[in-house]
Amino acid sequence: MTKAISVQIVGAPIACEGGVKDSWRDTAKWAEGQLKARFGEAVGVRYYDLVDADCPSLPEGAQLPLVLIEGEVVSSGGKISIPIIRRRAEVLIQKEIA
């Protein structure tokens with residue numbers, strides 16, 4: 001494998017009654033651990049806050065959290081799903097090997 005599969009997760013802090021929570025960042029960090037345990041260095045995960053200067057452009061109609069793999073939207077809104085990310089990464093890794 002020549003380069004790591006790029007997984008980008010875009011979220012934002014959430015204001016709530018108890019203050020500001022950064023739940024999507026925490027979930028993205030957990031997801032990174034899960035993906036690294038399964039794929040090692042074959043997958044690279046990066047989290048972006050919506051307001052980060054280098055945040056990827058959001059496609060029209062996208063909702064947070066947004067998950068992109070190799071620039072392609074895999075999920076928009078709802079939850080950060082490890083099974084969805086894992087399945088797409090497996091397909092891309094198999095293509096690299098073939």
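User: How do I read the way helix H1 passes helix H2, and what is the handedness of the crossing?

Analyst: Two packed helices are described by the angle between their axes and by the distance between those axes. In this predicted model, the crossing of H1 and H2 is right-handed. The axes of H1 (residues 23-39) and H2 (residues 82-97) cross at roughly 35° and come within 11 Å.

User: Which residues make the contact?

Analyst: On the H1 side they are Trp-30, Ala-31, Gln-34, Leu-35, Arg-38 and Phe-39. H2 contributes Ile-82, Ile-85, Arg-86, Ala-89, Glu-90 and Ile-93. Sorted by class, eight of the contact residues are nonpolar, one is polar and three are charged.

User: What should I look for in a nonpolar core, and which residues of the largest one touch the most other members?

Analyst: In soluble globular proteins, nonpolar side chains tend to be buried together. Here the largest nonpolar core has 19 residues, and Val-7, Ile-9, Phe-39, Val-43 and Ile-85 touch the most other members. Strands S1 (5-11), S4 (43-49) and S5 (66-69), along with H1 and H2, each give two or more residues to this core. H2 gives the most, with five.

User: What does Val-7 touch?

Analyst: Leaving aside residues up to four places away in sequence, Val-7 touches Val-43, Gly-44, Val-45, Arg-46, Val-67, Leu-68, Ile-69 and Ile-85. Apart from the largest core lies another, of five residues, including Val-10, Tyr-48, Leu-66 and Leu-68.

User: How many salt bridges does the whole structure hold, and which parts of the chain does the pair Lys-3 and Glu-70 link?

Analyst: A search finds eight salt bridges. In one of them, the side chains of Lys-3 and Glu-70 meet at 3.0 Å, N to O. Lys-3 sits in the segment before S1 and Glu-70 in the loop between S5 and strand S6 (72-76), 67 residues apart.

User: Arg-25 and Asp-49 also meet in a salt bridge; is Asp-49 buried or exposed?

Analyst: Asp-49 counts as buried because its relative accessibility is 11%, under the 20% limit. Its partner Arg-25, at 33%, is partly exposed. The two side chains meet at 2.5 Å, N to O, and join helix H1 to strand S4 across 24 residues.

User: Why are Arg-86 and Glu-90 separated by about one helical turn?

Analyst: They are separated by about one turn because they are four residues apart in helix H2. Their side chains form a salt bridge at 3.5 Å, N to O. Arg-86 is partly exposed at 24% relative accessible area, and Glu-90 is partly exposed at 25%. Elsewhere, salt bridges with shared partners join Asp-22, Arg-25 and Asp-49 into one network.

Definitions and conventions: Residues are numbered from 1 along each chain as its sequence is written. This is a predicted model: local features need pLDDT of at least 70, side-chain atom pairs count only at pLDDT 80 or more; totals for chains, interfaces and linings use all residues. Side-chain values use heavy atoms; hydrogens and water are left out. Axes are lines fitted to C-alpha atoms, for helices over the stretch in contact, and angles run from 0 to 180 degrees between N-to-C directions. A crossing is left-handed if the near helix is turned anticlockwise from the far one by less than a right angle, and right-handed if clockwise. Contact means heavy atoms within 4.5 Å. Ala, Val, Leu, Ile, Met, Phe, Trp, Tyr, Cys and Pro count as nonpolar, Asp, Glu, Lys and Arg as charged, and the others, Gly among them, as polar. A nonpolar core is a set of buried Ala, Val, Leu, Ile, Met, Phe, Trp, Tyr and Cys residues joined through side-chain atoms within 4.5 Å. Buried means under 20% relative accessible area, exposed over 50%, partly exposed in between (1.4 Å probe, protein chains only). A salt bridge is a side-chain nitrogen of Lys or Arg within 4 Å of a carboxyl oxygen of Asp or Glu.
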